[in-house]
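Here are some exercises to work through with the model open beside you. Try each task before you read its solution.

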Amino acid sequence: MVSPQQLPPRRRARIGLALAGGGPLGAIYEIGALCALDEAIPALRLADCQAYVGVSAGGFIAAGLANGMSPRELCSSFVENEGAAHDIFEPSVLIRPAWGEFAARLASLPRVAAEALWVGGVKRRSLTMLLEHLGHALPTGLFSNRRVDTQLRRQFALAGRSNDFRELRRKLVLVATDLDSGESAPFGQPGWDHVPISLAVQASSALPGLFPPVEIDGRYYVDGALKKTLHASVLLDEGLDLLICLNPLVPFDATRPPRHRVLSSGEVQIPRLVDGGLPVVLSQTFRTLIHSRLELGMKGYERSHPDTDILLFEPDQRDPEMFLANTFGYSQRRWLAEHAYQRTREQLRSQRGALAARLARHGLAFDDEVLDDRQRRLLRRPERQVPVRSAPAHAVKRLDEVLDDLEQALARR
């Protein structure tokens with residue numbers, strides 16, 4: 001009989017993290033959710049995973065984690081803006097007008113106008129085609145994201161960090177989209193790893209219309225979410241045991257009973273999305289499109305990589321506060337981070353049984369004392385208090401969650 005001392009040591013599970021985009025709101029949600037996961041599953045060590053892939057706003061977070069920054073350190077840097085001055089990410093860099101782009105396009109206006117007049121006079125084209133030609137003088141983005149590269153370059157120059165993919169101890173892939181070919185650009189993969197990490201983050205988060213395309217090696221790149229929502233396959237091909245995915249943007253389900261009828265801000269939720277006007281309709285449309293693509297991708301990942309456990313965390317589709325929050329807003333970042341933190345903890349508690357069994361396969365377990373601590377907070381001074389439910393409210397909430405789990409289990413059977 002072999003004694004326990006003679007047994008080979010258990011191999012540490014190969015864990016990967018895939019982070020989708022979603023503007024500043026997406027990054028803030030991911031920070032809050034990651035802090036909740038990091039505390040509730042202490043052996044997970046999210047700053048020391050095997051590999052990371054980030055898309056758009058998720059690239060900010062993935063690059064920080066791959067550089068050894070813990071979720072709490074990311075919260076201090078991106079959300080609380082506390083700590084050493086050189087380690088704080090200033091949100092104002094995301095709203096600086098793209099003056100250089102405006103000037104370049106304005107300078108081209110005489111030439112473009114002359115060409116349009118020539119086309120209209122010689123080729124007798126329609127007014128629509130003339131206006132389309134004049135569109136060449138329009139800026140390709142409203143805000144400049146050049147200082148994203150500058151600030152991250154400064155942060156990754158600190159001791160123990162690197163702005164070079166090839167110097168990291170962990171695999172990091174940041175995905176952008178080649179504007180001219182429409183193909184994915186996996187910065188960090190062989191052949192793509194010479195690009196500075198900070199510049200890859202800038203390219204991956206260059207949402208068309210909001211930020212100008214980013215030039216790298218003579219080509220132009222935009223947001224990586226144009227191609228796929230998660231790009232998880234670049235990690236799954238590494239032979240991972242467990243892949244944790246975070247997706248911040250989900251469509252709102254107004255047809256099911258809401259978890260919160262009145263928002264913590266005191267506003268009553270929108271009973272029908274059409275009553276919210278064009279912004280709400282467009283938000284729901286955009287979220288539905290990217291989420292349907294994500295659902296198809298997740299099913300494909302499960303078929304193509306059956307040996308990898310894949311866990312997806314995202315906001316509750318009945319959470320009106322996450323849906324109504326401004327995707328590109330940053331002013332409410334403290335409250336939104338706290339909200340994401342608390343709702344993720346609720347999700348972990350409600351799915352504890354199913355999740356615990358899957359985590360145990362990889363040597364991971366919940367810290368029940370931490371997870372059940374109802375007074376635990378992410379921030380010392382949130383902008384406004386995320387409501388703490390009374391005991392009866394907790395019981396009703398728990399019953400609601402159990403019924404949800406039962407409904408999903410019956411659907412699977």
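The exercises below go from single residues to ring pairs, cores and a helix contact.

This is a predicted model, in which local features need pLDDT of at least 70 and side-chain atom pairs count only at pLDDT 80 or more, while totals for chains, interfaces and linings use all residues. Residues are numbered from 1 along each chain as its sequence is written, and side-chain values use heavy atoms, with hydrogens and water left out.

**Exercise 1. Backbone angles**

Task: Find where Ser56 sits, and decide if Ser56 is buried or exposed.

Solution:
- Start with the chain: Ser56 is in the loop between strand 2 (51-55) and helix 2 (57-66). Helices (H or I, at least four residues) and strands (E, at least two) are DSSP runs, numbered from the N terminus.
- Next, take the accessibility: Ser56 is buried because its relative accessibility is 7%. Buried means under 20% relative accessible area, exposed over 50%, and partly exposed in between (1.4 Å probe, protein chains only).
- Then list the contacts (heavy atoms within 4.5 Å). Beyond the neighbours within four places in sequence, Ser56 touches Gly21, Val175, Ser204, Ser205 and Asp223.
- Finally, check phi. Most residues other than glycine have a negative phi. Ser56, not a glycine, has a positive phi of about 55°.
- Now try Arg45, which also has a positive phi, about 50°, without being a glycine. Arg45 lies in the loop between helix 1 and strand 2 and is partly exposed, with a relative accessible area of 42%.

**Exercise 2. Aromatic pairs**

Task: Classify the ring pair Phe187 and Tyr221, and say which strands hold these residues.

Solution:
- Recall the rule: rings of Phe, Tyr and Trp (its six-membered ring) pair if their centres lie within 6.5 Å; planes under 30 degrees apart count as stacked, over 60 as edge-to-face and the rest as tilted.
- The structure holds four aromatic pairs. In one of them, Phe187 and Tyr221 are 5.3 Å apart centre to centre with 75° between the planes, which makes the pair edge-to-face.
- Phe187 is in strand 4 (residues 184-187) and Tyr221 in strand 6 (residues 219-223), so the pair ties together parts 34 residues apart in sequence.
- Both residues, Phe187 and Tyr221, are buried. Together with Trp192, they form one aromatic cluster.

**Exercise 3. Nonpolar cores**

Task: Which residues touch the most other members of the largest nonpolar core?

Solution:
- A nonpolar core is a set of buried Ala, Val, Leu, Ile, Met, Phe, Trp, Tyr and Cys residues joined through side-chain atoms within 4.5 Å.
- The largest core has 77 residues, and Leu172 and Phe187 touch the most other members. Helix 1 (residues 23-40) gives this core its largest share, eleven residues.
- Contacts of Leu172 beyond four places in sequence include Tyr52, Phe165, Phe187 and Ile197.
- A second, separate core of 19 residues includes Ala18, Val53, Ala232 and Leu235.

**Exercise 4. A helix contact**

Task: Which residues of helix 6 meet helix 7?

Solution:
- On the helix 6 side are Arg146, Val148, Asp149, Leu152 and Arg153; they meet Ser198, Leu199, Val201 and Gln202 in helix 7.
- In helix 6, the buried residues are Val148, Asp149, Gln151, Leu152 and Gln155. These buried residues of helix 6 pack against helix 2, helix 3 (71-80) and helix 7.
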